Amino acid sequence: MKLAESDAIWTRGGVPVEELPDPFSFESPPPVAAPDEQPAKRRRRWPLVLYSIAGLFFITIVWLAITAPLSRALEPLPDPALLLLSDDGHPIALRGAIKEAPVDVARLNPLTPAAFVSIEDRRFYRHWGIDPRGIARAFVADLRGGGVRQGGSTITQQLAKTNFLSGDRTIRRKAQEIIIAFWLEAWLSKDEILSRYLSSVYFGDGVYGLRAAAHHYFHRDPERLTLAQSAMLAGLVQSPSRLAPTHHLAAAQKRSQLVLRAMADTGVISPARAVSTPLARPASQEAKLPAGTYFADWVAPSAAQAFESDFGQVRVQTTLDRTLQRLAERAVSRAAVGDAQAALVAMRPDGRVVAMVGGKNYSGSPFNRVTQARRQPGSAFKLFVYLAALRSGWTPDSNIEDKPITIDGWTPENSDRVYRGRITLREAFARSSNAATVRLSQEVGRSNVIRAARDLGITTPLPDKPSLALGTAGVSLLELTSAYAAVASGRYPIVARGLPQDQPVEGLKALFRSDGSLDRQRDWAPMLDLLYAAANNGTGRRAALNVPTFGKTGTTQENRDAVFIGFAGDLVVGVWVGRDDNKSLGKISGGTVPAEIWHNFMASALSVDRSRGPVLPIDVHRPDPAQDRRLRSPLPPEWSNATKPLRDIAKQLQELVGGR
């Protein structure tokens, strides 16, 4: 009894003292829950989680109903196929994918949609967007393969993926696909879903939708497809590139047999018919147009912006002249450039490009050396130096010193190492004197040279350095040729284009655009005088034709780049020769191979081209080789009266020297 009383000393209310809270602690003791209270709280959390998931799902469905257009599968592709045509309407290239008008399942041969359902989703009419059996089968395959290998997707899920999601195979994308599939099933009937699927699925060869596929592979409307043709098209969906019958007929036919057996398994056709049905073959294909050419690569972005999306092919007429293009390709292919590259662009004086060859072989190198390469133009840049001088009051008969000049430790040399003392601007330009040109640039101011280049359309960076006068700034052949077109037309800037009608300039571009024209007497005619002298009596004389020829050569340091740019008749043509690795061309200069390519192309081109060029402010004729080859001016004498006394003195001195 005493033992029991002593034990009571160590308890309080029946609770052992060791389990009582510490009276010196500041922490409140945790409440002691009743034995069945905690499981009840856990049970109350599950409805909250379920309500949250349901609410999120509902919000997603509402968001899809508001933002995701149900008709997306029935709309044209955002980047439709562009059928590029020459200026006379002849197809020259096909770019992009083809999608034609949507199909309606109700109007098709019943065997056609049945073929797709049998091979792609045979439980299509019995599920609500997802097929648990298919998902389970794909899950097992993924576990065995160690990643996402199979999708287990229904036709509804495939429609969701192709029209609303990316093609990435991730768990997150799969969850999004399932939600959208439920939404599609809620808003559309089965036939509407199937119609949208058949109208947008990819069939290989750049063809989307059943209508385009039926036309492409069998030359018939989708409503008239046979059982064998339907089976072949249904089989393509699994791997369009690998099974396209135009390239892999045996694989496509083997897949067709699998589709026919699937149709027999689902009861659509009898097993006997599945075995006896002859396998389809694609119709004969027309000669395939190239998807890429130098010209097509350049003009396609402009064409895509100029025309809205539509079903089928968007026919786009361009400025390319097929005959001139063939002549340009022939001139480049026959050029003696060894393992170097050559490029040529021909345009009208208003900027319409009629021929473009960006290299010797497009299949070997699609890099376009007309539009993409930024190479030094060499002496062809002197056009802007002399134009700045003409604007400052100089004339072709004005004199300039052709002797060594040093600026900040830099001394440019003439290519022939010959210095002729005091010569006219005409002779300096024709002989392409580096020393005289740099001195002239210093006289008129490099800022004025840069301004002249900008006025004529040069947009690339131009460093304010003495060497700028010799063409050390990289420009594209297209841009440089466009600048020469400005001189040919007498107005600037000339923007090269591949579409017949130039798009109107709007917005800030229109506000800051500075169109202008060359002063007829001060700038245009004297500039033609200089270009005529260079092309007929100067460094570019190999390019001279039997018609008035204007142009300028260009050769960079160590002969890394060689160009000739000029115009005659109604054509402005630029030719470049060089190496992609920027190594020396050896003895090739602007006055040799480029001038010869230019001459060979133009001699043939002008014989077939009936377009008249702009009316020039001077009247020039091809000089007679038998006559004196001294540099002459085609300008009317009255336009050079200011320098007549100097010319008379020079003539008298020449006669005195000649008399001795």
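Is E558 buried or partly exposed? I started there: E558 comes out partly exposed, because its relative accessible area is 48% (buried is under 20%, exposed over 50%, partly exposed in between, with a 1.4 Å probe and protein chains only).

Ground rules, for my own memory. This is a predicted model, where local features need pLDDT of at least 70 and side-chain atom pairs count only at pLDDT 80 or more, while totals for chains, interfaces and linings use all residues. Residues are numbered from 1 along each chain as its sequence is written, and side-chain values use heavy atoms, with hydrogens and water left out.

**Entry: the loop around E558**

I placed E558 in the loop between β14 and β15 (strands are DSSP runs of E, at least two residues; helices are runs of H or I, at least four; both are numbered from the N terminus). Phi of E558 is near 60°, positive in a residue other than glycine. N559 is found in that loop between β14 and β15 too, and has a positive phi of about 55° although it is not a glycine.

**Entry: the sheet**

Next I traced the strands that this loop joins. They belong to an open sheet of five strands, ordered β9-β8-β16-β15-β14, with antiparallel pairing (two strands pair if DSSP finds at least two bridges between them). β9 (353–357) and β14 (550–555) are the edge strands, each pairing on one side only. From one strand to the next the twist averages 5° (axes are lines fitted to C-alpha atoms, for helices over the stretch in contact, and angles run from 0 to 180 degrees between N-to-C directions).

Helix α21 (residues 520–536) packs on this sheet and touches β14 and β15 (561–568); contact means heavy atoms within 4.5 Å. The direction of α21 makes about 65° with that of β14. I also checked one pair inside the sheet: β8 (residues 341–347) and β16 (residues 571–578) run antiparallel over seven bridges, and L344 stands opposite V575 in β16.

**Entry: β10 and β11**

A smaller item was the pairing of β10 with β11 (residues 421–424), antiparallel and joined by four bridges. I400 stands opposite I423 in β11. In β10 (residues 399–402), I400 and D402 make the covered face, and N399 and E401 the uncovered one. That fits the general pattern: in a regular strand the side chains alternate between the two faces of the sheet.

**Entry: covered helices**

Which residues of α15 are buried? I listed K382, L383, F384, V385, Y386, L387, A388, A389 and L390. Nine of the 10 residues of α15 (residues 382–391) are buried, so the helix is largely enclosed by the rest of the structure. The cover over those buried residues includes α16 (425–430), α17 (434–444), α18 (446–455), α19 (477–489), α21 and β14. After α15 comes G393, with a positive phi near 110°.

α3 (residues 111–120) is mostly covered as well, with 10 of its 10 residues buried. Among them are F116, V117, I119 and E120.

**Entry: two single residues**

F295 is in helix α13 (residues 294–306). F295 counts as buried because its relative accessible area is 2%. Leaving aside neighbours within four places in sequence, F295 is in contact with I92, T318, T319, L320, V353, M356 and G498. For the V353 contact I noted the separation: 58 residues in sequence, 9.0 Å in space, C-alpha to C-alpha.

S195 sits in helix α7 (residues 190–200). S195 counts as buried because its relative accessibility is 7%. With neighbours within four places in sequence set aside, S195 is in contact with V103, D104 and V105.

**Entry: a cis bond**

I looked up the peptide bond from Y492 to P493: cis, with omega near -10°. P493 lies in the loop between β12 (491–492) and α20 (507–512).

**Entry: cavities**

How many cavities of 30 Å³ or more does the structure hold? I noted two. A cavity is a set of points, on a 1 Å grid over the protein atoms alone, where a 1.4 Å probe fits but cannot get out; lining residues have an atom within 4 Å of a point. The largest has a volume of about 80 Å³, volume being the space filled by probe spheres set on the points, which are joined across faces, edges and corners. Its lining includes R369, R374, R375, L477 and W576.

Terms used. On a 1 Å grid over the protein atoms alone, a cavity is a set of points where a 1.4 Å probe fits but cannot get out, and a pocket is an open set with protein on both sides within 12 Å along at least five of seven lines; lining residues have an atom within 4 Å of a point.
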